[in-house]
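Visitor: I am new to this one. Could you show it to me and take a few questions?

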There are 2 protein chains.
Amino acid sequence: MTSPVSPHSVPSGETRWLDADEQKAWRAWLYSAQLLLDRLDRDLTHRTGISHAYYEILVALSETPERMMRMSELADRCLSSRSRLSHAVSRLEERGWVRRQVCAEDGRGQLAVLTEEGFAALEGAAPVHVEGVRRELFDQLTPEQVANMRDVGETLLRHLDPTRAR
Amino acid sequence: MTSPVSPHSVPSGETRWLDADEQKAWRAWLYSAQLLLDRLDRDLTHRTGISHAYYEILVALSETPERMMRMSELADRCLSSRSRLSHAVSRLEERGWVRRQVCAEDGRGQLAVLTEEGFAALEGAAPVHVEGVRRELFDQLTPEQVANMRDVGETLLRHLDPTRAR
DNA sequence: GAACCATAGTTGAGCGTTGAACTATTCCGC
DNA sequence: GCGGAATAGTTCAACGCTCAACTATGGTTC
């Protein structure tokens with residue numbers, strides 16, 4: 001925008017506005033991120049009936065030995081609030097892809113368990129998802145750009161969520 | 001996930017699965033993008049009452065000479081569907097920040113017009129938004145990383161939306 | 001072992017998004 | 001200038017997310 005004079009609710013001190021180059025970098029990142037997330041989600045949803053959010057839940061469960069996980073751990077893995085995950089698991093339960101099971105060690109806890117039907121649904125969706133990521137992302141970038149993308153992503157991750165950074 | 005054998009709904013030919021390095025690059029990008037978008041949106045919403053989506057609408061309007069824009073053009077600029085934008089503008093109208101005005105040249109068209117109150121709200125939110133972007137993004141990266149981020153973003157943009165690429 | 005606090009998860013209301021159906025206007029070919 | 005297609009925008013219902021309130025269990029202290 002056209003550098004407005006800051007009135008109230010200003011964050012302590014003078015605002016460090018973005019210069020023209022920073023604006024361009026920010027816009028390029030923002031638009032590409034929004035468009036890519038949106039396209040992958042739409043593509044997956046329309047071709048498999050599974051949104052990217054649901055897909056992430058199924059993947060997380062499928063990667064554990066017993067194909068089950070505590071609700072809170074699953075929420076963490078999926079960058080989801082507990083409420084959101086609880087709603088999502090309820091909907092996946094209606095589809096017969098996940099079921100809930102009380103946790104033996106902790107009476108407060110619930111386990112989300114991937115059913116055979118859920119695993120089959122995931123098997124159907126996985127190629128569609130992976131091809132999407134390849135087509136829209138990896139096929140567009142040189143190996144060097146991929147390395148740079150990963151470097152930037154990991155750097156940001158260390159700041160945004162140190163527990164998830166490698 | 002653990003490379004499932006692809007069953008049905010396979011996208012023509014053998015699936016080009018991601019190798020370990022590609023997985024890591026993809027996850028780093030995905031998590032950092034989701035966390036960054038989420039954090040900026042929450043921060044802005046809680047500190048100013050303006051979501052990032054609303055903010056983008058206000059910014060777009062403020063950047064035109066007359067502070068008004070056709071609904072469809074505004075939707076394009078904000079990566080929004082027309083339906084979504086129509087709902088959003090209705091809600092901004094209720095806040096008194098935007099008003100609708102029929103378009104003189106095209107009887108089908110509507111103009112979204114930024115009000116003085118809307119501009120004032122934007123002036124209040126802008127420093128909060130910019131400081132967020134700086135703190136969570138630019139302050140974390142070296143100039144070289146920023147250049148790489150921009151390069152990757154612009155490359156993806158040329159593929160995802162050539163009209164928006166530079 | 002009672003009182004208290006923390007943790008795990010769910011629920012419900014309100015808001016926002018989606019996609020399809022709809023209305024109204026303009027454009028195009030004749 | 002009429003009929004049909006295209007375009008601009010809105011509306012509605014279904015779905016999903018958010019936040020706060022809530023239930024239930026576990027842990028801690030005396």
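**Strands and chains**

Visitor: Which base atom of DNA strand D does a polar side-chain atom of A:H87 approach?
Guide: This is a predicted model, where local features need pLDDT of at least 70, side-chain atom pairs count only at pLDDT 80 or more, and totals for chains, interfaces and linings use all residues. Residues are numbered from 1 along each chain as written, chains are lettered from A and ligands numbered from 1 in written order, and side-chain values use heavy atoms, without hydrogens and water. A polar contact is a pair of N or O atoms within 3.5 Å; within protein, one must be able to donate a hydrogen and the other to accept it, and residues adjacent in sequence count only if both atoms are side-chain atoms. A polar side-chain atom of A:H87 lies 3.3 Å from its partner in DNA strand D, a base oxygen.

Visitor: Which part of DNA strand D is 2.7 Å from the side chain of B:S86?
Guide: Chain B also reaches this strand: a polar side-chain atom of B:R82 lies 3.4 Å from a phosphate oxygen. For B:S86, an N or O atom of the side chain is 2.7 Å from a phosphate oxygen.

Visitor: How many residues surround DNA strand D?
Guide: A residue is near a strand if one of its heavy atoms lies within 4 Å of it. The closest are A:S83, A:R91, A:R108, B:S72 and B:R100, and the total is 22.

Visitor: What share of the DNA strand C atoms within 4 Å of the protein is sugar and phosphate?
Guide: Around DNA strand C there are 21 residues, the closest being A:R42, A:S72, A:R100, B:S83 and B:R91. Of the strand's atoms within 4 Å of the protein, sugar and phosphate make up 71%.

Visitor: How far is the side chain of A:H46 from a phosphate oxygen of DNA strand C?
Guide: A:R82 has a polar side-chain atom 3.4 Å from a phosphate oxygen of DNA strand C. B:R108 has a side-chain N or O atom 3.4 Å from a sugar or linking oxygen. For an N or O atom in the side chain of A:H46, the distance to a phosphate oxygen is 3.0 Å.

Visitor: Which strands form the edges of the sheet in chain A?
Guide: Helices (H or I, at least four residues) and strands (E, at least two) are DSSP runs, numbered from the N terminus. Two strands pair if DSSP finds at least two bridges between them. The open sheet of chain A has the order β1-β3-β2, paired antiparallel. Each edge strand pairs on one side only, and these are β1 (68–70) and β2 (98–102).

Visitor: At what angle does helix α2 of chain A run to β3(A)?
Guide: Axes are lines fitted to C-alpha atoms, for helices over the stretch in contact (heavy atoms within 4.5 Å). Angles run from 0 to 180 degrees between N-to-C directions. Helix α2 (residues 52–62) lies across β1, β2 and β3 of chain A, and its angle to β3(A) is about 95 degrees.

Visitor: What kind of axis relates the two copies?
Guide: Copies are superposed by least squares on the C-alpha atoms of residues with pLDDT of at least 70 in both. Chain A falls on chain B (RMSD 0.1 Å) after a rotation of 180 degrees with 0.0 Å of shift along its axis. The copies are therefore related as by a two-fold rotation axis.
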